[in-house]
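Work through the exercises below with the sequence and the coordinates at hand. Each task is followed by a worked solution.

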Amino acid sequence: MASSSSSPSAMAFSSQLWKYHVFLSFRGEDTRKTFVDHLYTALVQQGIYTYKDDETFPRGESIAPSLEKAIEESQIAVIIFSKNYADSSWCLDELVHIMKCKDMRDQIVISIFYDVDPSEVRKQKRKYGEAFAKHELENKTKVESWRKALVDASNLSGWEPQHIANGHESKCIKEIVDIISHRLRPITSSVDDNLIGVESRMQDFISKLQIGFGGKRMIGIWGVGVVARLLLPLLSMMKFLVSSMVVAF
């Protein structure tokens, strides 16, 4: 499976429990090259580690184990409902698994209704109704769980880009990314406010460690004068992020 996942950069978040900050669920033919592409780019630029599936799967195929794992390892799932979202059994399987993770793993779920009314999703009307008429014939055993997942997800507080900032997509995306940023737990609260410019450097340093992605890291610290002053908040954050850490001087 081909996929895109952003690398941690400007902003560092705790990844002790999660591999990804955000998982994007979307209908490729509707939004891959438009809204989702812009949202993904904005998340990456904010340093938010994001999983975005980059392969189109044939109609009727079941969700792959690797994709289920990516959902389970994401702190936040963002579902972009679009006109043809329900036409894809793959998207609906994703949605069911996301809602399961919300209940079982306390995953945060954010719904975005792109060029579709939430009531159409909730009640399976118009395009969603047409899609389910086909599913009743082709995937009857899954229809009930798909309908429940759609109702549950559409009942969550969500975003309607066409009604935000007078429909200016870039402004809406900025608001969404800001909300996601605030819902992720920052790890820089222990930085001394008097150390001008240090916080951004520490964020960049910690992001490069890719904590939570396996393997071991060795860090060498060299300097004079302010090293001791810088070392204390650094070690404090490291201890917060890593369950087992050895420090030697």
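**Exercise 1.** Locate D106 and state which elements flank its loop.

Solution. D106 sits in the loop that joins helix 4 (89-105) to strand 5 (108-113). The model is predicted, and residue numbers start from 1 along the chain.

**Exercise 2.** Determine the sign of phi at D106, then decide whether D106 is buried or exposed.

Solution. Step one: phi of D106 is near 60°, a positive value in a residue that is not glycine. Step two: the relative accessibility of D106 is 65%. Step three: exposed requires over 50%, so D106 counts as exposed at its 65%.

**Exercise 3.** Repeat the analysis for Q124: where is the residue found, what is its phi, and is it buried or exposed?

Solution. Step one: Q124 belongs to the loop between helix 5 (118-123) and helix 6 (126-138). Step two: its phi is near 55°, again positive in a residue other than glycine. Step three: buried requires under 20%; Q124 has 10% relative accessibility and therefore counts as buried.

**Exercise 4.** Describe the protein as a whole: how many helices and strands does it have, what percentage of its residues count as buried, and what area does it expose?

Solution. Step one: the protein has ten helices and six strands. Step two: 46% of its 249 residues count as buried. Step three: the exposed area is about 13600 Å², with 51% supplied by carbon and sulfur atoms.

**Exercise 5.** For contacts with a separation of 6 or more, what percentage comes from residues 24 or more positions apart?

Solution. Residues 24 or more positions apart account for 80% of the contacts in that set, whose separation is 6 or more.

Terms used: Predicted model: local features only at pLDDT ≥ 70, side-chain atom pairs only at ≥ 80, totals over all residues. Heavy atoms only, no water. Helix = DSSP H or I, 4+ residues; strand = E, 2+ residues; numbered from the N terminus. Buried < 20%, exposed > 50% of the residue type's maximum accessible area, 1.4 Å probe, protein only. Contact = heavy atoms within 4.5 Å. Areas by Shrake-Rupley, 256 points an atom, 1.4 Å probe, with all protein chains shown as cover.
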